[in-house]
Amino acid sequence: MAKEQPILPDEMTPKPRAADTGERVYELLREKAINYELRPGDRVNEVHLAAELNVSRTPVRAALHRLVSEGLLRLVPNKGFFRPSIDIDTIRSLFEMRGAIEVLSVRLFCERATKDDIRTLEDHWRRFQENRGSMSIKAIVDEDEKFHEWIAEGSRNSEALRMLRDLNSRIRFLRLVALGREDCNMVTNVEHGQIISEIKAKNVDAAVSLMSRHISLMLNDVTEIAREAVVKIYLGDET
């Protein structure tokens, strides 16, 4: 009877599936695009990225195509993938679209949200208030996004939520720049509390008006925010 061969440690470790590798590569490259580690106007080097991530070019190329569909990259025929330049008109369009979705979301939230939905939103804001002083700008932006996405989720409009999440990804770096300003940061915080108060009071029109004004805070200053973003990208400043 043949002696059973011992199982070596490497043989016991499950190999990562292609799908898992593809998703990991996509998430890593998405973060690079969102944070402008892939600089505006630069061509994306697939070979370097594959070597950096220790994968073949296949999952890298698949991820890059996904990022094109999300507006984070653009594909130029016969030239390759590029990170789009910071364009004022495009940025303004993104903020205008965000404003339209946010206004719709808060109106529907007032109409459709349960008491638990409102309590969750209020609890989140209260916890944020308690911890805000010790939070980084990135953490503040993350929490700000959650606030708005919870309103969209409570609106029971799944498309509004999906579109808002996509838009938030595309403008996140700009919001890091904007909320890095103490005046903008403070106003944003105060206005969140005011929006919650109007929602609780069922003052739909007042909540909608506040949300519209809240979103326009950055829209009105988009040129200066874009200028500051370019400086941070090329000087490598931390946000």
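# Close-up views of a predicted helical chain

**Figure 1. The protein chain as a whole, shown as a predicted model.** Among the contacts in the protein chain with a separation of 6 or more, 74% are made by residues 24 or more positions apart. The protein chain has 11 helices and 2 strands, and when it is read along the sequence these elements follow the pattern α-α-α-α-β-β-α-α-α-α-α-α-α. Of its 239 residues, 43% count as buried. The accessible surface of the protein chain comes to about 13,500 Å², and 52% of that surface belongs to carbon and sulfur atoms.

**Figure 2. Close-up of D144, a residue of helix 7.** Helix 7 covers residues 137-154, and D144 is found within it. Is D144 buried or exposed? D144 counts as buried because its relative accessibility is 4%, and the cut-off for that class is under 20%. If residues up to four places away in sequence are left aside, D144 touches R98, R175, L179, T188 and H192. D144 also belongs to the lining of the largest cavity and to that of the second largest cavity, and these two spaces are the subject of the next two views.

**Figure 3. Close-up of the largest cavity, with a volume of about 80 Å³.** A search of the whole structure finds 2 cavities of 30 Å³ or more. The lining of the largest cavity is made up of 12 residues, and those that lie nearest its centre are F128, I140, D144, T188 and H192. At least two residues of this lining come from each of helix 6 (115-131), helix 7 and helix 9 (182-200). Sorted by class, the lining of the largest cavity holds 5 nonpolar, 5 polar and 2 charged residues.

**Figure 4. Close-up of the second largest cavity, which holds about 60 Å³ of space.** The residues that line the second largest cavity are R98, D144, H148, R175, L179, T188, H214, I215, L217 and M218. Which helix gives the most to this lining? Helix 10 does, with 4 residues, while helix 7, helix 8 (158-179) and helix 10 (204-219) each supply at least two. By class, the lining of the second largest cavity has 4 nonpolar, 3 polar and 3 charged residues. Several of these lining residues, including R98, R175, L179 and T188, appear here and are also touched by D144.

**Figure 5. Close-up of the salt bridge between R30 and E70.** Side chains of opposite charge can pair when their charged atoms come close. In the whole model the count comes to 24 salt bridges, and one of them joins the side chains of R30 and E70, with 3.3 Å from N to O. R30 lies in helix 2 (residues 18-34), whereas E70 lies in the loop between helix 4 (57-69) and strand 1 (74-76), so the pair ties together parts that are 40 residues apart in sequence. R30 counts as buried, because its relative accessibility is 15%.

**Figure 6. Close-up of E122 and R126 within helix 6.** The side chains of E122 and R126 meet in a salt bridge, with 3.7 Å from N to O. The two residues both lie in helix 6 and are 4 residues apart, which is about one turn of the helix. E122 is buried, with a relative accessible area of 18%, whereas R126 is partly exposed, with a relative accessible area of 39%. E122 and R126 also belong to a network of salt bridges that links them with D123 and K200.

**Figure 7. Close-up of the salt bridge between R213 and E191.** The side chains of these two residues meet with 3.6 Å from N to O, and the pair links distant parts of the chain, since R213 is in helix 10 and E191 is in helix 9, 22 residues apart. R213 is partly exposed, with a relative accessible area of 45%, while E191 counts as buried at 8% relative accessibility.

**Figure 8. Close-up of the second largest pocket, with a volume of about 180 Å³.** The second largest pocket is lined by 13 residues, and Y36, S85, T90, L94 and R170 lie nearest its centre. Helix 5 (88-112) and helix 8 are the elements that give two or more residues to this lining, and helix 5 gives the most, with 3 residues. By class, the lining of the second largest pocket divides into 7 nonpolar, 3 polar and 3 charged residues.

Technical notes
Residues numbered from 1 in each chain as written. Predicted model: local features only at pLDDT ≥ 70, side-chain atom pairs only at ≥ 80, totals over all residues. Heavy atoms only, no water. Buried < 20%, exposed > 50% of the residue type's maximum accessible area, 1.4 Å probe, protein only. Contact = heavy atoms within 4.5 Å. 1 Å grid on protein atoms, 1.4 Å probe; cavity = no way out; pocket = protein on both sides within 12 Å on 5 of 7 lines; lining within 4 Å. Points joined across faces, edges and corners; volume = space filled by probe spheres on them. Nonpolar A, V, L, I, M, F, W, Y, C, P; charged D, E, K, R; others polar. Areas by Shrake-Rupley, 256 points an atom, 1.4 Å probe, with all protein chains shown as cover. Salt bridge = Lys/Arg side-chain N within 4 Å of Asp/Glu carboxyl O.
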